[in-house]
Every structure is written in structure tokens, then in C-alpha cells.
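Hi everyone, thanks for coming. I have one structure to walk you through today, so please have a look at it while I talk.

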Amino acid sequence: MQDEYRTVARVGVHETEVNRSRFLCALAPAATEQEAQDFVAAVRREHADATHNCWAYVIGADAAVQRASDDGEPGGTAGVPMLQMLLRRDMRYVVAVVTRYYGGVKLGAGGLIRAYGGAVGEALDALGTLTRRRFRLATVTVDHQRAGKVQNELHATGRDVRDVRYGETVTIEIGLPDADVDAFRAWLADVTAGTARFEPGGEAYGDA
């Protein structure tokens, strides 16, 4: 798995103009290919009168799914440069749709490649990106007497506390960088005099 990836910070649209053609780049985070396709369909409906609605998306932290469409522009001049821009910026779980309203001036193949790729790059700059980092999920089980101290220490050191459940004991779910697991285990044993139980679990991504 990738240790980290970047994605778009929010849904949004950024507009540029090239030789009187309007290029509107709509960006959105997409957790699945279906979400990406639904976003493309929504933009196409909104801009049904546009000359072209070209799109590209990358799904998976390892960029396992990559799709692009020129939507009637000359082959390789729209969707591919959009996809290349997303990959060049290490963007994942993201979908981009560039809507073009033709302004009467032909741009040529090179001009189209620059315009579509550039529209995506400018939109990423305008909307901002987030870095997501891989974490090891883990469960800490501790008695009620020590739970308050452990929680306070976790928050004070900026640990990613995901859930706290109270029963006969207190169960705290946290996220840890893999490199910190051994040090955390030692710290926990020290803070709780060896009474806490630590169980590493699966992996997930969280905000860096």
C-alpha cells in the first residue's frame, strides 16, 4: 500500500479562458469508480449545452483505476492530459470534468492538450489538496482507573483517537503510523504499569 496520497480538498469549479473558449474544471473527491461516474453524469446534465464535457479520474491509493474520455475532442488531446495532470500531482480518489464552451478559435492539438491539462492544474491550485497518510488501526483496552490518564495523554500528544467505548473496561481505538507501533506499545506499558492490552489491527488512511 502507498504510505500516503493526495486528494482534492473539496468539491468545486474553476474557470479559465483560452482564445475565447471557456474551460470549466469541476473537481470532486470520489471514494469509488461509481461515485466518479455519477459526478461525471451530473456535470454532463448541468452542462448539456456545452461543446464538450471531457473527464478523467483516478481511484485507489495505488492509482489502480485510471479512466479518461476526450468526449469528441481529437483523440488524446483532452482526457489523457487531464489524467496525466492528476497523476503528476499524485492525486488519488479524485474525478475531474472539464467543460468546454467553444469560442470560435481552433486551438490545435497542442493548444488543446495545454488547455485541458492546464485547466485541471489551475483548479487543483484554486481548490486545494489534502494529504492522506496510511495508519495502523489499533485497540487499547484499559481499566477505568487508568482510562482518563491514558485518554488525556493520547490527546496531549496529538494521537488519532477514533473511538472510545465504556464497558467492564474502556476500549480506545486509535490510528498510528506503522513506524510508531513499537514505541507506542512501550509507552502504553509504562503509563499503565503494564496493565493495558494493545491489539494492532488493519490499515486505513487519515488526514496527515
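I'll go through the two annotated regions, pausing at some helix contacts and a few individual residues.

Before anything else, please keep in mind that this is a predicted model.

Let's start with the annotation. An unreviewed UniProt entry places a domain called "Impact N-terminal" at residues 20-124. In our model, the chain over residues 20-124 is 39% helix and 29% strand. The C-alpha atoms at the two ends of that stretch are 22 Å apart.

Now, the early part of the chain. Val11 sits in the loop between β1, residues 4-8, and β2, residues 12-18. Is Val11 buried or exposed? Its relative accessible area is 53%, and over 50% we call a residue exposed, so Val11 counts as exposed. Leaving out residues up to four places away in sequence, Val11 still touches Leu27, Ala28, Pro29 and Phe39. If you'd like a sense of scale, take Val11 and Arg114: they are 103 residues apart along the chain, and their C-alpha atoms are separated by 23 Å.

Moving along, we come to Thr32, in the loop that runs between β3, residues 21-29, and α1, residues 33-46. Thr32 has 36% relative accessibility and therefore counts as partly exposed. What I'd point out here is its spacing to Gly60: the two are 28 residues apart in sequence, and their C-alpha atoms are 8.1 Å apart in space.

Next, a pair of residues to look at for their backbone. As background, most residues other than glycine have a negative phi. Ala63 has a positive phi, near 60°. Where is Ala63? You'll find Ala63 in the loop between β4 and β5. With a relative accessibility of 9%, Ala63 counts as buried.

The other residue of the pair is Asp90, with a positive phi near 60°. Asp90 lies in the loop between α2 and β6, just after the end of α2. Asp90 has a relative accessible area of 43%, so it is partly exposed.

That brings us to helix α2 itself, residues 79-88. Which of its residues are buried? They are Gly79, Pro81, Met82, Leu83, Met85 and Leu86. The elements covering those buried residues include strands β4 (52-59), β5 (65-69) and β6 (94-101), along with helix α3 (108-127).

Let me zoom in on that last partner. The axes of α2 and α3 are 8 Å apart, and the helices pack at an angle of about 35°. Their crossing is right-handed. From α2, the residues involved are Pro81, Met82, Met85 and Leu86, and they meet Ile113, Tyr116, Gly117, Val120, Gly121 and Leu124 in α3. Sorted by class, this contact has 8 nonpolar residues, 2 polar ones and no charged ones.

On to the second annotated region. UniProt, again in an unreviewed entry, places a domain called "UPF0029" at residues 140-194. Residues 140-194 are 44% helix and 31% strand, and the end C-alpha atoms of the span lie 12 Å apart.

One residue to look at here is Thr141, found in strand β7, which covers residues 129-142. Buried or exposed, what would you say for Thr141? At 10% relative accessibility, Thr141 counts as buried. Apart from residues up to four places away in sequence, Thr141 touches Thr169, Val170, Thr171, Thr195, Ala196 and Arg197.

My last stop is another pair of helices, α4 (residues 144-156) and α5 (residues 181-191). Their axes come within 11 Å and cross at roughly 140°. That angle makes α4 oblique to α5. The crossing of α4 and α5 is right-handed. On the α4 side we have Lys149, Val150, Glu153 and Leu154, meeting Phe184, Trp187, Leu188 and Val191 in α5. The residues of this contact divide into 6 nonpolar and 2 charged, with no polar ones.

So, to put the two helix contacts next to each other: α2 with α3 has no charged residues, whereas α4 with α5 has 2 charged residues. That's my tour, and I'm happy to take questions.

Note on methods: Residues are numbered from 1 along each chain as its sequence is written. This is a predicted model: local features need pLDDT of at least 70, side-chain atom pairs count only at pLDDT 80 or more; totals for chains, interfaces and linings use all residues. Side-chain values use heavy atoms; hydrogens and water are left out. UniProt positions are given in the numbering used here, feature names are shortened, and annotations may be inferred rather than shown by experiment. Helices (H or I, at least four residues) and strands (E, at least two) are DSSP runs, numbered from the N terminus. Buried means under 20% relative accessible area, exposed over 50%, partly exposed in between (1.4 Å probe, protein chains only). Contact means heavy atoms within 4.5 Å. Axes are lines fitted to C-alpha atoms, for helices over the stretch in contact, and angles run from 0 to 180 degrees between N-to-C directions. Angles under 35 degrees count as roughly parallel, over 145 as roughly antiparallel, 65 to 115 as roughly perpendicular and the rest as oblique. A crossing is left-handed if the near helix is turned anticlockwise from the far one by less than a right angle, and right-handed if clockwise. Ala, Val, Leu, Ile, Met, Phe, Trp, Tyr, Cys and Pro count as nonpolar, Asp, Glu, Lys and Arg as charged, and the others, Gly among them, as polar.
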